[in-house]
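Hi everyone, thanks for making time for this one. I'd like to walk you through a structure, so please have a look at it first and then we'll go through it together.

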Amino acid sequence: MKIAVIGTGYVGLVTGTCFANMGNTVWCVDVDEKKIENLKRGIIPIYEPGLSEMVLNNFKQRNLNFTTKIQEALEVCNICFIAVGTPMGEDGSADLHYVLDVAESIGKYMSHHMYVVDKSTVPVGTAEKVYTRIQEELSKRESNLTFDVISNPEFLKEGNAISDCMKPDRIVIGINNEDAEEIMRELYKPYLMNTENFIVMDIASAEMTKYAANSMLATKISFMNEISNICERVGADINKIRKGIGSDKRIGYSFIYPGCGYGGSCFPKDVKALIKTADEYGYGAPLLQSVEEVNNTQKLVLVEKVKQRFSTNLLGKVFAVWGLAFKPDTDDMRESAAITIIEELTELGAEIQAYDPKAMDEARECYLKGNERVTYCESKYDALKGADALVLVTEWKEFRSPDFYEIKERLRNPVIFDGRNQYSAKSLAKYGLDYYQIGVRPSVEVTA
Ligand code: UDX
């Protein structure tokens, strides 16, 4: 098939590359000339395991093409995916202007029937807006060309996106005619082990499915974080409770890991956007509001522990921070708990020695830009030198089994604050390290 993918951000680039990898011919389109030039030279704008090799390979085979000219792509393709960003607007709603700009261009430049597929995460009703915008442009041209708008939300997880795309657990399609269903079925057939996982529904339900999935997962996390906060107060251990409840198949083990809050490009934005949509229809969505509130507070839980252990005045204190990305295997720092934690600690006077395997450039150039109290270190052990304590924010594999002797040796105080419950309190006690984790009372040998 010949497919245009508009937007070479995270979703567009991964999706386009995976379509090309299955033998389709794909044109990835972006307005950012520098990005397209770089992609043509094999420079990939994001870190995602396996993506770079796949882009290079398919580009060489000419299955994957990059261009800034949408009309070029529309001339040769009959399926056009919209995969541009839907950033959070000031009022919390999804900002649709990039999506609608693309719809306008499609209406302006399409030269034959087009299947227009919405991949971007968009509120219910967006497909109709896309339809109207394309139709308006066609009417201006006095054109009788026809097109279908299809909703096909993505469920990619950063760090695992290639595998999620090549072997999806389900494909959700929102359509209003059978032709559109047929072409989508054909496109996705090679990716699905089981045709039952090709789920067809009306467009509004498909648009809503994406928000419901992300809000459900965010709810599981905030629920566990709330239980953690109760655990700490009553003297129970969330790590044991996680196993105790996860063994119930109805609950399951996934997405019940407590931590210092969820981040990323999806959960915070999508929960907010769904609250906003509900509000527009006169419903307050109290559960979703609480999910968000618990998460905002959770990002500060480690800071509270630091203040209790040290003081509310952290002038002269130095903290090693391990992990800046919102989760492992990505350089993405959007809504990362690390931002909130570092801003708060430095606000209280502390100096930060940070280390992350992939996200330090992002931090330096964007998310912590201008924060002069932050120093970036070459290695996790360099970050510890002379620090008063270690604060672990992201559970990268290289932090799983560190040399605890080395940690103790390098720190001024033998203290670890762990936002991802990576270690065993018992073994840390053997090394003489005080250990603060989420949802468990601290195991403290030494007092500051
Ligand atoms: C998410 C969805 O999982 C994916 O289906 C959707 O398409 C996009 O949004 P992503 O944002 O890449 O994917 O990350 P995910 O692995 O879901 O983690 C999101 C956040 O939740 C991270 O900050 C992570 O640390 C946190 N998390 C996850 C927890 O705190 N506890 C858990 O048990 C799981």
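**Three domains, one ligand and a few odd residues**

Let me begin with a single residue: glutamate 335 sits in the loop that joins strand S9 (318-322) to helix H14 (337-347). Please keep in mind that this is a predicted model. Glutamate 335 caught my eye for its backbone, since its phi is positive, about 60°, although it is not a glycine. For context, most residues other than glycine have a negative phi. And is glutamate 335 buried or exposed? It is buried, because 21 other C-beta atoms lie within 10 Å.

There is another one of this kind. Alanine 285 has a phi near 45°, again a positive value in a residue other than glycine. You'll find alanine 285 in the loop between H11 and H12. Its surroundings hold 18 C-beta neighbours inside 10 Å, so alanine 285 counts as partly exposed.

Now let's step back to the whole chain. The domain assignment gives domain 1 (2-201), domain 2 (211-297) and domain 3 (299-436). The centres of domain 2 and domain 3, taken over C-alpha atoms, are 24 Å apart. Between these two, 12 residues of domain 2 are in contact with 16 residues of domain 3. Which helix gives the most to the domain 2 side? That is helix H12 (residues 286-298), with three residues. As for chemistry, the side of domain 2 that touches domain 3 has nine polar residues, three nonpolar and no charged ones.

H12 deserves a moment of its own. With 13 residues, H12 spans 18 Å from its first C-alpha to its last, close to the 18 Å expected at 1.5 Å a residue. Its buried residues are Leu288, Val291, Glu292, Asn295 and Gln298. Looking down the axis of H12, these buried residues fall within an arc of 130°, so they line one face of the helix. They pack against H9, helix H11 (267-280) and helix H13 (301-309). On the other side of H12, Pro286, Glu293 and Asn296 are exposed.

H9 brings us to the ligand. H9 has 32 residues and reaches 47 Å between its first and last C-alpha, close to the 46 Å expected at 1.5 Å a residue. Just after H9 comes glycine 235, with a positive phi of about 85°.

So what surrounds the ligand? There are 19 residues around it, and the closest are Glu158, Tyr257, Tyr262, Gly264 and Cys266. Helix H9 (residues 203-234) provides the largest share of this shell, three residues. By type, the shell divides into 11 nonpolar, four polar and four charged residues. Where does the ligand lie with respect to the domains? It lies between domain 1 (2-201) and domain 2 (211-297), because both give residues to the shell.

One last stop, towards the end of the chain. Leucine 433 is in the loop between helix H18 (425-430) and strand S14 (434-436). With 25 other C-beta atoms within 10 Å, leucine 433 is buried. Leaving out residues up to four places away in sequence, leucine 433 touches Phe404, Ile407, Lys408, Pro414, Ile416 and Leu428. Proline 328, by contrast, is 105 residues away along the chain, and its C-alpha is separated from that of leucine 433 by 24 Å.

That's my tour, and I'm happy to take questions.

Key: Residues numbered from 1 in each chain as written. Predicted model: local features only at pLDDT ≥ 70, side-chain atom pairs only at ≥ 80, totals over all residues. Near = placed C-beta within 6 Å. Helix = DSSP H or I, 4+ residues; strand = E, 2+ residues; numbered from the N terminus. Nonpolar A, V, L, I, M, F, W, Y, C, P; charged D, E, K, R; others polar. Domains from an automatic or database assignment. Contact = placed C-beta atoms within 7 Å. Expected span 1.5 Å × (residues − 1). Buried ≥ 20, exposed ≤ 12 C-beta atoms within 10 Å, placed from the backbone. Arc of directions from axis to C-beta.
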